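Work through the following exercises with the sequence and the model side by side. Try each task before reading its solution.

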Amino acid sequence: MGHSFRVRIILLSVAVSGLVLAVFALSAWAFVQRIALQRIDRELAERMGPIAIVSHPPEHWSWIAGGLDLSYRTNEGGGCLVLVKNVTGEVLHQSTNWPGDLPADRFPTPDPASPRLRSFPPPPAPPAPPKASPEGPGAPKQPAPPGPAWTFLPVAPPVFATRRTASGTWRFCTMENSEVTLVVGVSLARFGAEMARVRNGLLAALPAALLLIALGSWVISRRALRSVEQLAHVAERVTASSLDERIPAEGADTEFRRLITVFNGMLDRLERSFSQASRFSADAAHELRTPLTILQGSIEQALQEAPAGSEQQRVYNNLLEEVQGLKEIVRKLLLLSLADAGKLELHPKPVNLTEAAEGVCEDLEAVAPGLTIKRELEPDVWIEADADLMGQVLRNLATNAVKYNREGGWVEVRLARAESTAVLTVANTGDGIPPADRDRVFERFYRADRSRSRKVDGVGLGLSLAREIARAHGGDLRLEDNSDGVTVFAVTLPLAPAAE
Amino acid sequence: MRVLLVEDQEKIASFVRKALVEQGFTVELVEEGEEAFLRAQRERYDVIVLDIMLPGRDGLSILRNLREQQNPVPVILLTARTGLSERLEGLNLGADDYVTKPFYAEELIARIHAVTRRASGDQLSILQAGDLTVNLITREVRRGDTSIDLTAREFCLLEYLMRSPGRVYPRTQILEHVWGYDFDPSSNVVDVYIQRLRKKLDPTGEGQFIETVRAVGYRFRRLPERMVT
């Protein structure tokens, strides 16, 4: 089928929309990821903020870390990593499950120049504390409630970072106040799983969407190309004899209507010029008939009146031969123009093709005693044909076979039945037809051998007309392979119905 | 023999009339359809030679009207070669024969003879020249008591030459009549067939029936007892 326009449209639309979809899916995925990460970050900051704004005694950090870890714990596990360092870099607390491949000092710290947040409201007046001292000497195991005299510290804005370790990916938040640097990390394992689900969903939807698009463009292109197809159908039907075909423009889309109008207009012009050309030949032939009749009649009379064997009579005879040649040309042109217009009148009756071929062979033997005439004729091959025109086809082929033969050559006439057709082939020796000219032998006024054509009579209308006649009879005339200096013409004609 | 020639082309009419007059026919020429129809109704002719394309009333219409009036006058149509349907219509309308343009006057004269003979019931079935007899119906050719076997083409050639003994038949004319169109006119097919015919008709070669007209063609010798009914 070659490159189908429809296939190209489908591929193109799938490619373009695939690209758009891919970009869209990618950005959607990135957006979802960013939102989710922001949620995690906000949560981290919300939980750490209240811790960071207050000054804690160093020994409290393990409790605070425990609480934070607990707040991140779910049924499936979880928890968080906590690291606390004081301003001198001394580690006050580090979670026991802190990954070994994660150095504790490799976290971005807030820019020291960044403003410290002091916008915390002053603490409300604490209710009367039950105990006076926050650091009771008695119960070191019990987490002591923060004392009433909390010290608020300025805090730098949180800084976030993602770190990959052997045990998984973590999201860390660093908060710094004037006393400590607090680093808390949560596992991104769940987040990763969620993002993978989103990604898989997108990956699954993409091919389905592409399939839908391909289907859609298939349907659309089918609809769009229907007019083109219609156009092609009509163009196929248009031949020289049926130039009156037109495409209906009603119901077509605007864009196609223009094409249809242009196409129909072209057919109009073609039909007009074709019928003009055809009519011209016909008119010319008609116009020539009267002077030819006068010429022929007058010369005939003069020839009869001239003394037998005289020089005058010979001149008249030559003139008569020329008139005869003219008559032939005019007649053939007229027949060709009629055939072109599809108006070649046939007067069909049963014709015994075997007898006709036999007659032609007989003539060949008489005309060309130097040639061997071979014949292989199946008996009683009957066709339904115009006897005059069919005789002309046979004589034309026979004449050519002699004209273009070589000295001492042969002509072979074969007639055989093949299914419902009669096949008559005329083969002859000779120079053959040059391969370059093979397609042109049926052209009008074509002559196979220009150098020799002057010696050979005829004007090169015979084969063209013979083929038109064969076609008008529902058959054809073809030039078969001509190898080794043998030229073969084959006429196929439908057998008469009774003979089948 | 009285002939009504209906032909509007002056020059065609002129040579046809001349050829017919030479045959001893009385020729009346009319160039217009209505006039021709009136004359054909009024007068009695042995044959009407009628062109189809005419000013006034066309040839086919004249023919139809004559036949509607039960006028049996023999009519020969002058038609265009391609007007096949025209010819068929003419024959259906009751034309006795037709001759296509361009035609030889000789051909027209032969048709006129044939048509008038047929009309008078005087069917020509045997041509005779000396001791040579040609039966046009059985297609039998005899020389005295011996039968001569001719091919279809040879018979056609002999019959053609015999219909006007003494008349010169140029090769092209023979070629057109006997072989039809499109046989290479430069070929010697006519000469070859004439030689064969001569040999068959006259194996001894003493008295030739067919004479050669140098550089032009052939003619059949005028011999007594040309026709026998």
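## Getting oriented

Chain A is made up of nine helices and 14 strands, where helices (H or I, at least four residues) and strands (E, at least two) are DSSP runs numbered from the N terminus. This is a predicted model, in which local features need pLDDT of at least 70 and side-chain atom pairs count only at pLDDT 80 or more, while totals for chains, interfaces and linings use all residues. Residues are numbered from 1 along each chain as its sequence is written, chains are lettered from A and ligands numbered from 1 in the order in which they are written, and side-chain values use heavy atoms, with hydrogens and water left out.

## Exercise 1: chain A as a whole

Task: describe how much of chain A is buried and how its contacts are spread along the sequence.

Solution. Begin with burial, which means under 20% relative accessible area, with exposed over 50% and partly exposed in between (1.4 Å probe, protein chains only). Of the 500 residues of chain A, 41% fall in the buried class. Next take the contacts (heavy atoms within 4.5 Å): among those in chain A between residues at least 6 apart in sequence, 65% join residues at least 24 apart.

## Exercise 2: the interface

Task: characterise the contact between chain A and chain B, from its extent to its salt bridges.

Solution. Start with the participants, which are 44 residues from chain A and 46 residues from chain B. Then consider the area: the two chains bury about 4,300 Å² between them, with 54% of it on carbon and sulfur atoms, buried area being the accessible area (1.4 Å probe) that two parts lose on being put together, summed over both. Of the area that chain A buries against chain B, Glu300(A), Gln301(A) and Arg395(A) supply 13%, more than any other three residues.

Now turn to charge pairs. A salt bridge is a side-chain nitrogen of Lys or Arg within 4 Å of a carboxyl oxygen of Asp or Glu, and four are found across the interface of chain A and chain B. One that joins the chains pairs Arg153(B) with Asp363(A), whose closest N and O atoms are 2.4 Å apart.

Finally, locate the elements involved. On chain A, α4 (254-305), α5 (311-340), α6 (353-367) and α7 (387-403) each supply at least two residues of the side that touches chain B, and the largest share, 14 residues, comes from α4(A).

## Exercise 3: salt bridges within chain B

Task: which parts of chain B do the salt bridges of Arg39(B) with Glu28(B) and of Arg57(B) with Glu34(B) tie together?

Solution. First, Arg39(B) and Glu28(B) form a salt bridge with closest N and O atoms 2.7 Å apart. Arg39(B) lies in helix α2 (residues 33-42) of chain B and Glu28(B) in strand β2 (residues 26-30) of chain B, so this pair ties together parts that are 11 residues apart in sequence. Both Arg39(B) and Glu28(B) are buried.

Second, the side chains of Arg57(B) and Glu34(B) meet in a salt bridge at 3.5 Å, N to O. Because Arg57(B) lies in the loop between β3 (47-51) and α3 (59-68) of chain B and Glu34(B) in helix α2 of chain B, the pair ties together parts that are 23 residues apart in sequence. Arg57(B) is buried at a relative accessible area of 19%, whereas Glu34(B), at 37%, is partly exposed.

Last, salt bridges that share partners join Arg2(B), Glu28(B), Glu35(B), Arg39(B), Arg42(B) and Glu43(B) into one network.
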